[in-house]
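Ready for some practice with a protein model? Grab a pencil and work through the exercises below, one step at a time.

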Amino acid sequence: MSAPVLHAAIPTLRIYDKDKALEFYRDFLGCTVDWEHRFAGGMALHPSEHYGDGTPGTAVWIKVKNSRSLFEELHTKQARFARPGVDSDEATLTDPFGNMLRFDGSRN
């Protein structure tokens, strides 16, 4: 029997409005929609409107290379809901549903 191999976890984040989720995750963060159930890079998230999936206010830690470049790109978009600072290796962005995405480039 071979040893088990674990892959990256895909957190389920509770959302309440698909259009707001697309505006934040696709339009602002630049994520792609890989698949869609009716109701970026190496990062994978599963936003879900289904009751019982995820808990509002979930925190997700995301390791990122060149974090300042990412934060500068996001800052220049001038989104009304999130503008991270550009002079740090870490930033926490909160989505429209209270979920926290903690980007960390300090440990690369």
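Before you start, two strands pair if DSSP finds at least two bridges between them. Helices (H or I, at least four residues) and strands (E, at least two) are DSSP runs, numbered from the N terminus. You're looking at a predicted model, where local features need pLDDT of at least 70 and side-chain atom pairs count only at pLDDT 80 or more, while totals for chains, interfaces and linings use all residues. Residues are numbered from 1 along each chain as its sequence is written, and side-chain values use heavy atoms, with hydrogens and water left out.

**Exercise 1. Work out how the strands of the open sheet are ordered and paired.**

Step 1: Strands of a sheet pair through backbone hydrogen bonds, either parallel or antiparallel.

Step 2: Look at β3 and β5 (residues 100–104): they run parallel and are joined by five bridges. A59 has M100 as its bridge partner in β5, and K63 sits opposite D104.

Step 3: Now take β4 and β5, which pair in the antiparallel sense, also over five bridges. Here T94 stands opposite M100. The two strands make a hairpin with five residues between them, and G98 in the turn has a positive phi of about 90°.

Step 4: Put it together: the order is β3-β5-β4, and the pairing is mixed. The edge strands, each pairing on one side only, are β3 (59–63) and β4 (90–94).

**Exercise 2. Find the buried residues of helix α2 and say where they sit around the axis.**

Step 1: Buried means under 20% relative accessible area, exposed over 50%, and partly exposed in between (1.4 Å probe, protein chains only).

Step 2: In α2 (residues 67–76), that gives you S67, L70, F71 and L74. They span an arc of only 95° around the axis, so they lie on the same side of α2. (The arc is that of the directions from the helix axis to the C-beta atoms.)

Step 3: Their cover includes α1 (18–28), β4 and β5, judged by contact, meaning heavy atoms within 4.5 Å.

**Exercise 3. Check whether R14 is in a salt bridge or without one.**

Step 1: Locate R14 in strand β1 (residues 12–14).

Step 2: Recall that a salt bridge is a side-chain nitrogen of Lys or Arg within 4 Å of a carboxyl oxygen of Asp or Glu. Lys and Arg count as positive and Asp and Glu as negative; His and the chain ends are not counted.

Step 3: The nearest side chain of opposite charge is D53, 7.5 Å away, and R14 has no salt bridge although buried.
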